[in-house]
Amino acid sequence: MATIRDVAKLAGVSVATISRHLNKSGYVNVETEQKIKKAIEALNYEPNAVARGLAGKKTNTIALILPDISNPFFPELARAVEDVASMYGYTVILCNSDDEGVKEKSYIEVLKKKYIDGIIFASNTLDSSDVEQMTKKGIPVVCLDRVPPKQSCSVVRSKNREGAKLAVEHLLGMGCRKIAHIYGPQEFITAKERLAGYEESVKHLDWYSPTFMIQGDFRIEGGIRATELLMERHPDVDAIFAGNDLMAVGALKALHRMGVQVPGQVAVCGFDGIGMTEITQPELTTVAQPIYEMGALVSRILIKKIEGTLEADQTYELDVALVPRESSLRRNGHEGS
C-alpha cells in the first residue's frame, strides 16, 4: 500500500506539500498540484482519514448515541441523521447505550480518543459532567429531547405535552368517557411531559382519579402488564392512551387476549408515529412525531456547530400531529364501520 512519502517522492515534493494539498490547509501552486494528482493516481494512493484527522483534529465523523436501538423510533431517527450527515460529507458512528449511564460514559471515553468531530445525544442518562467534558475537549454536542441542567447546548424535541392533549381530545371526541394513561418512566422528560398533558386534559372530569394512570416501561411487555392491571382495577375503562407506540401495541395485545374489542369496547392511542402502527390489527391511532425531520434537524445543527456557523444554542420544538386509525375510530360510543 502506497504511503504519503511514496507520493512525495514520485511527485518530487515534500511530505508537507502533499499534506497541504490533501487537507487544503495552505497554498500549493497549480503545477505542483498536477504533479501530486498524477502521483496519487499512479500509486493508487488512498489518504488515511484517521491520520489526516489527527493532523487537523477533524475526521468528518460524528457519533450518535441512542438509548434503545430495539425501539423502532430510534432507527428511523438514525436514518435521517445519517442521510443528512452523508450529504455534508460526514460519517456517522452509531452507539447504543441501552439506557445505561456506565455504558454511555464508556462510549464517551472511546469517542474522545478517536477525535470525533461532534456527538448527538438521544440520551436519558446524560448528565452535566458529560457535556462539560465534551465542551472542554472542544467537541460540539447537540441533544435530542433533553439537556442537563446548567449546560448550554442546542436541543431538538417535539411538543410532547401538546401531543398528549391531542390524544385525549381525540378520544373524548370519539365518545370515550373513562380514559386511562400508561405512562413511561418519569426520569424521561418525554414521559413526564406526556403524563402532564394527559392530567391537564382530564383532571377536571368527574371520573378522574390517579388510579387511571399506570406506569409502563416504553416497551411492549410493559404495555401488556400495565393494561392487564388497569383492566383489573377499572373494568369500565373505555380508552387507553399509551405514552409511546410500543406500549400501545402491548395494550392491543393484552386486550385481544382478554377478548376485549378494540375500538368497540376500548379505544387505544399511542405516541411517536413509528411504522409499526400501520401493521397492527387494528391499525393504531398515534400522535406522530416528525421523526425524520427531528433527525435531519439535529444532524444539521451539529454540523453547523462543527463548522462554526451556528450563531447560538437554542431549543427547537417541533409540532406533532394526531393520526387517527381503526384502534380509536368510534361513532356514538360504538365501533366504526
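A salt bridge is a side-chain nitrogen of Lys or Arg within 4 Å of a carboxyl oxygen of Asp or Glu. The exercises below apply this and other ideas to a predicted model.

**Exercise 1. How many salt bridges does a search of the whole structure find, and which residues are linked with E200 in a network?**

Solution. The search of the whole structure finds 11 salt bridges. Begin with the pair of E200 and R161, whose closest N and O atoms are 2.6 Å apart. This pair links distant parts of the chain, since E200 belongs to helix α9 (residues 189–202) and R161 to helix α8 (residues 160–173), 39 residues apart. Next, the side chains of E200 and K165 also meet in a salt bridge, at 2.8 Å from N to O. K165 lies in helix α8 and E200 in helix α9, so this pair ties together parts that are 35 residues apart in sequence. Put together, R161, K165 and E200 are linked in a network of salt bridges.

**Exercise 2. Decide whether R161, K165 and E200 are buried, partly exposed or exposed.**

Solution. The step needs two cut-offs: buried means under 20% relative accessible area and exposed means over 50%, with partly exposed in between. E200 has a relative accessible area of 30% and is therefore partly exposed. R161, at 35% relative accessibility, counts as partly exposed, and K165, at 28%, counts as partly exposed too.

**Exercise 3. At roughly what angle do the axes of helices α1 and α2 cross, and which residues meet there?**

Solution. The axes of helix α1 (residues 4–11) and helix α2 (residues 15–23) come within 9 Å and cross at roughly 105 degrees. Angles of 65 to 115 degrees count as roughly perpendicular, so α1 is roughly perpendicular to α2. From α1, the residues I4, R5, V7 and A8 meet V15, I18, S19 and L22 in α2. Sorted by character, the residues of this contact divide into 6 nonpolar, 1 polar and 1 charged.

**Exercise 4. In what order do the strands of the open sheet lie, and which are the edge strands?**

Solution. The open sheet is formed by 6 strands in the order β2-β1-β3-β4-β5-β11, and the pairing is parallel. The edge strands, each of which pairs on one side only, are β2 (91–96) and β11 (315–318). From one strand to the next, the twist averages 15 degrees. To look at one pairing in detail, take strand β4 (residues 141–144), which 3 bridges join to the parallel strand β5 (residues 154–158). Finally, helix α5 (residues 73–87) lies across β1 (61–66), β2, β3 (118–121) and β4, and runs at about 170 degrees to β1.

Notes
Residues numbered from 1 in each chain as written. Predicted model: local features only at pLDDT ≥ 70, side-chain atom pairs only at ≥ 80, totals over all residues. Heavy atoms only, no water. Axes fitted to C-alpha atoms, helices over the stretch in contact; angles between N-to-C directions. Helix = DSSP H or I, 4+ residues; strand = E, 2+ residues; numbered from the N terminus. Parallel < 35°, antiparallel > 145°, perpendicular 65-115°, else oblique. Contact = heavy atoms within 4.5 Å. Nonpolar A, V, L, I, M, F, W, Y, C, P; charged D, E, K, R; others polar. Pairing = 2+ DSSP bridges. Buried < 20%, exposed > 50% of the residue type's maximum accessible area, 1.4 Å probe, protein only.
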